[in-house]
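Please read the following walk through the structure with the coordinates open beside it. The path starts from a single side chain and widens from there to the whole assembly.

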There are 2 protein chains.
Amino acid sequence: MPKVSAEHLESRRRQILDGARRAFAHHGYEGATVVRLEAETGLSRGAIFNYFPSKWDIFYALADEDQHLVAELWLEQGFTAVLRWVAEQKPEWVGVYLEVHRHLRTNVALREQWMQRAPDVNERLREHLLEQQARGELRADVAADDIGRFLGLIVDGLVLGASVGAEVDLEPLLKLVVAAIGPQS
Amino acid sequence: MPKVSAEHLESRRRQILDGARRAFAHHGYEGATVVRLEAETGLSRGAIFNYFPSKWDIFYALADEDQHLVAELWLEQGFTAVLRWVAEQKPEWVGVYLEVHRHLRTNVALREQWMQRAPDVNERLREHLLEQQARGELRADVAADDIGRFLGLIVDGLVLGASVGAEVDLEPLLKLVVAAIGPQS
């Protein structure tokens with residue numbers, strides 16, 4: 001058995017994730033068959049499923065990457081950057097999320113796993129909101145969790161629009177969001 | 001050929017729509033086969049497709065009904081009633097909308113038709129928002145169209161959550177929405 005470096009393992013994992021992202025975007029979650037995953041990744045099914053137990057695990061890893069990226073954007077550049085990022089996503093890729101949502105609807109175990117994903121990220125965002133409240137940058141008469149859920153709702157709404165390629169004017173949207181959650185005069 | 005009354009035609013149409021709504025909710029849009037539509041409506045395919053040219057037209061008629069209902073709620077009882085209505089919808093039925101969204105993504109003609117549906121309703125809602133601005137009930141420094149799009153985004157976000165049965169606390173949400181679009185002090 002050849003000795004493989006951590007670097008090689010990571011580069012293979014990357015290759016699978018990038019190829020799978022293309023396969024999901026082009027063909028949808030259901031439509032991304034093993035044959036198509038092989039074609040887009042340039043790897044055999046044996047190699048692919050050596051890294052990930054199932055197709056679901058590959059998608060889950062991609063969603064986890066997205067969530068961490070969004071959280072970094074949020075923490076470092078603010079919620080505006082998050083909205084901009086969502087609005088810039090390709091409808092094809094956003095559509096995969098909607099398709100997955102449909103699966104979650106009928107699979108309780110999967111849904112539980114999905115809802116609990118990246119608890120570290122959620123905890124950091126929660127702390128960030130609490131700090132903003134303490135600094136007076138956000139209204140404090142609504143719980144941080146409720147503000148977080150409200151912002152999540154805005155993102156979800158944008159996602160649904162983005163899936164059919166709806167154009168969004170972010171400036172008025174941001175003005176309204178700031179009025180909703182900013183300090184109330 | 002027997003003479004049929006307008007009343008009879010309307011009652012048959014109702015029977016088809018109610019049965020189809022159940023079929024879509026139970027089996028999804030794709031999964032609502034002709035056989036299942038027959039079972040849920042209690043009518044033959046001949047009878048069903050005598051009233052509607054295609055399965056899409058049946059779904060479109062149901063979505064049109066929903067949209068008119070939501071508009072009436074909005075105009076008569078306010079946006080709160082709309083949010084309450086969305087939050088009360090069965091995840092199964094909401095999921096059909098998401099599934100349809102996926103079809104719209106890959107079908108330009110269908111998407112155009114969908115986006116332009118019920119222009120009368122949209123026009124009435126727009127006038128309603130303009131009147132509210134004129135009366136000082138809504139902020140006037142953001143265009144009525146942008147306020148309308150913002151509220152639509154909130155509804156879409158709720159829809160996505162409702163599709164996986166997420167619980168929503170409407171009180172803090174409404175408080176934030178009011179702060180966003182209400183007169184700014």
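In this predicted model, A:Arg111 is buried and yet takes part in no salt bridge, since the nearest side chain of opposite charge, that of A:Glu112, is 5.2 Å away, whereas a salt bridge is counted only within 4 Å. The residue belongs to helix 7 of chain A, which covers residues 108-115. What does A:Arg111 contact, if its neighbours within four places in sequence are left aside? The contacts are A:Leu104 and A:Arg105 in its own chain and B:Val164 in the other.

That contact with chain B leads to the relation between the two copies. Chain B can be laid on chain A by a turn of 180° with a shift of 0.0 Å along the axis, and the RMSD of this superposition is 0.0 Å. Such a relation is that of a two-fold axis. The same surface serves both copies, in that 100% of the contact residues of chain B recur in chain A.

How far the model may be read in detail is a matter of its confidence values. The model scores ipTM 0.85 and pTM 0.86, and for chain A the mean pLDDT is 90, with 99% of the residues reaching 70 or more. Among the elements of chain A, helix 2 (residues 34-41) has the highest mean pLDDT, 97, and helix 6 (residues 91-106) the lowest, 81. Where pLDDT is low, the predicted coordinates should not be read in detail.

Chain A itself is made of ten helices and zero strands, and its C-alpha trace spans about 65 × 35 × 30 Å along the principal axes. Of its 185 residues, 49% count as buried. When contacts in chain A with a separation of 6 or more are considered, residues 24 or more positions apart account for 69% of them.

Turning to the nonpolar interior, which residues touch the most other members of the largest nonpolar core? In this core of 72 residues they are A:Phe150, A:Ile154, B:Phe150 and B:Ile154. Apart from it lies another core, of 28 residues, which includes A:Tyr60, A:Leu62, A:Val96 and A:Tyr97. The surroundings of B:Ile154 involve both chains: not counting residues up to four places away in sequence, B:Ile154 touches A:Phe150, A:Leu153 and A:Ile154 from chain A, together with B:Phe79, B:Leu83, B:Leu173 and B:Val177 from chain B.

One of these partners, B:Leu83, deserves a view of its own. B:Leu83 is placed in helix 5 of chain B, residues 79-88, and it counts as buried because its relative accessibility is 0%. Beyond residues up to four places away in sequence, B:Leu83 touches B:Ile154, B:Val155, B:Leu158, B:Leu170, B:Leu173 and B:Leu174. From B:Leu83 to B:Leu151 the separation is 68 residues in sequence, while the C-alpha atoms of the two are 9.6 Å apart in space.

The charged side chains complete the picture, with 28 salt bridges found over all chains of the structure. In one of them, A:Arg22 and A:Glu40 meet at 3.1 Å, N to O, and this pair links distant parts of the chain, with A:Arg22 in helix 1 (residues 6-31) of chain A and A:Glu40 in helix 2 of chain A, 18 residues apart. A:Arg22 counts as partly exposed at 38% relative accessibility, and A:Glu40 is partly exposed as well, with a relative accessible area of 22%.

A further salt bridge joins A:Arg84 and A:Glu171 at 3.9 Å, N to O, and here the pair lies 87 residues apart, with A:Arg84 in helix 5 (residues 79-88) of chain A and A:Glu171 in helix 10 (residues 170-181) of chain A. A:Arg84 is partly exposed, with a relative accessible area of 37%, while A:Glu171 counts as exposed at 51% relative accessibility.

Is A:Arg139, the partner of A:Asp141 in a salt bridge of 2.8 Å, N to O, buried or exposed? A:Arg139 is buried, because its relative accessible area is 5%, whereas A:Asp141 is partly exposed at 45%. Finally, salt bridges also form a network, which links A:Arg14, A:Asp18, A:Arg21, A:Glu65 and A:Asp66.

How values were computed:
Residues numbered from 1 in each chain as written. Chains lettered and ligands numbered in written order. Predicted model: local features only at pLDDT ≥ 70, side-chain atom pairs only at ≥ 80, totals over all residues. Heavy atoms only, no water. pLDDT = per-residue confidence, 0-100. Helix = DSSP H or I, 4+ residues; strand = E, 2+ residues; numbered from the N terminus. Buried < 20%, exposed > 50% of the residue type's maximum accessible area, 1.4 Å probe, protein only. Contact = heavy atoms within 4.5 Å. Lys, Arg positive; Asp, Glu negative; His and termini not counted. Least-squares fit on C-alpha atoms with pLDDT ≥ 70 in both. Core = buried A, V, L, I, M, F, W, Y, C linked by side-chain atoms within 4.5 Å.
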